[in-house]
Amino acid sequence: SAAAAMGGQLYICGGACNPKASGHPLPSAARFDPLEARWEALPPMSEARVGAAAAASGHLFLVCGGADRRGAELKSGECFDSALGRWLDLPPMSSGRAAHGVVTVGSGLFAVGGRAMGHA
């Protein structure tokens, strides 16, 4: 799963069902409100992903990369706009990447480390 804090809430998405038995990537997303002590399901991402990375910027929960059902690293990214309540596509990364980290700097989202094209 990929997670980030935004607006005093925890946002989480992706992961795999039954990962010990080569589970399938999940498109699911949710947010936790610690003041209310409750989880809320969010609309699913457009692409199921496991091993993705996430960051937050303003009212955007940004998610990129990860691996698909075949284990191929993804170039794609998407962001949940909490003001609109829906996912929006991000421009693709130059190469697929999974098990990486991301950070926002200014208006940019930077992916670092992880596995790219099958190489660590």
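What pattern does the protein follow when read along the sequence? It follows β-β-β-β-β-β-β-β-β-β, with 10 strands and zero helices. Please keep in mind as you look around that this is a predicted model. The radius of gyration is 14 Å, close to the 14 Å that the globule rule gives for 120 residues, so the protein is as compact as a globular protein of that length.

**Overall dimensions and surface**

- Taken along the principal axes, the box filled by the C-alpha atoms of the protein is roughly 40 × 35 × 20 Å.
- Buried residues make up 36% of the 120 residues of the protein.
- The protein has an accessible surface of about 6600 Å², and carbon and sulfur atoms account for 57% of that surface.
- If you take the contacts between residues at least 6 apart in sequence, 39% of them join residues at least 24 apart.

**The four-stranded sheet**

- Four strands form an open sheet in the order β5-β6-β7-β8, and their pairing is antiparallel.
- The edges of this sheet are β5 (53-57) and β8 (86-90); each has a single partner strand, so one side of each is left without a neighbour in the sheet.
- On average, and with direction ignored, neighbouring strands of this sheet are turned by 25 degrees against each other.
- Strand β7, which covers residues 77-81, runs antiparallel to β8 and is joined to β8 by five bridges.
- To find this pairing in the viewer, you can start at Gly77, which stands opposite Leu90 in β8.

**Nonpolar cores**

- The largest nonpolar core has 14 residues, and the members that touch the most other members are Tyr11, Cys13, Ala54, Phe61, Val63, Phe80 and Trp87.
- At least two residues of this core come from each of β1 (2-6), β2 (9-13) and β6 (60-64).
- Which strand gives the largest share of this core? That is β1, with three residues.
- Another core, of five residues, lies apart from the largest one; Ala53, Ala55, Cys64 and Val102 are among its members.

**Where sheet and cores meet**

- Strand β6 has a place in the sheet order β5-β6-β7-β8 and also supplies at least two residues of the largest core.
- Edge strand β5 spans 53-57; for the residues there, look at Ala54 in the largest core and at Ala53 and Ala55 in the other core.

Technical notes:
Residues are numbered from 1 along each chain as its sequence is written. This is a predicted model: local features need pLDDT of at least 70, side-chain atom pairs count only at pLDDT 80 or more; totals for chains, interfaces and linings use all residues. Side-chain values use heavy atoms; hydrogens and water are left out. Two strands pair if DSSP finds at least two bridges between them. Axes are lines fitted to C-alpha atoms, for helices over the stretch in contact, and angles run from 0 to 180 degrees between N-to-C directions. The radius of gyration is taken over C-alpha atoms; the globule rule is 2.2 Å times the number of residues to the power 0.38. Buried means under 20% relative accessible area, exposed over 50%, partly exposed in between (1.4 Å probe, protein chains only). Contact means heavy atoms within 4.5 Å. Accessible areas come from the Shrake-Rupley method with a 1.4 Å probe; for residues, only the protein chains shown count as cover. A nonpolar core is a set of buried Ala, Val, Leu, Ile, Met, Phe, Trp, Tyr and Cys residues joined through side-chain atoms within 4.5 Å.
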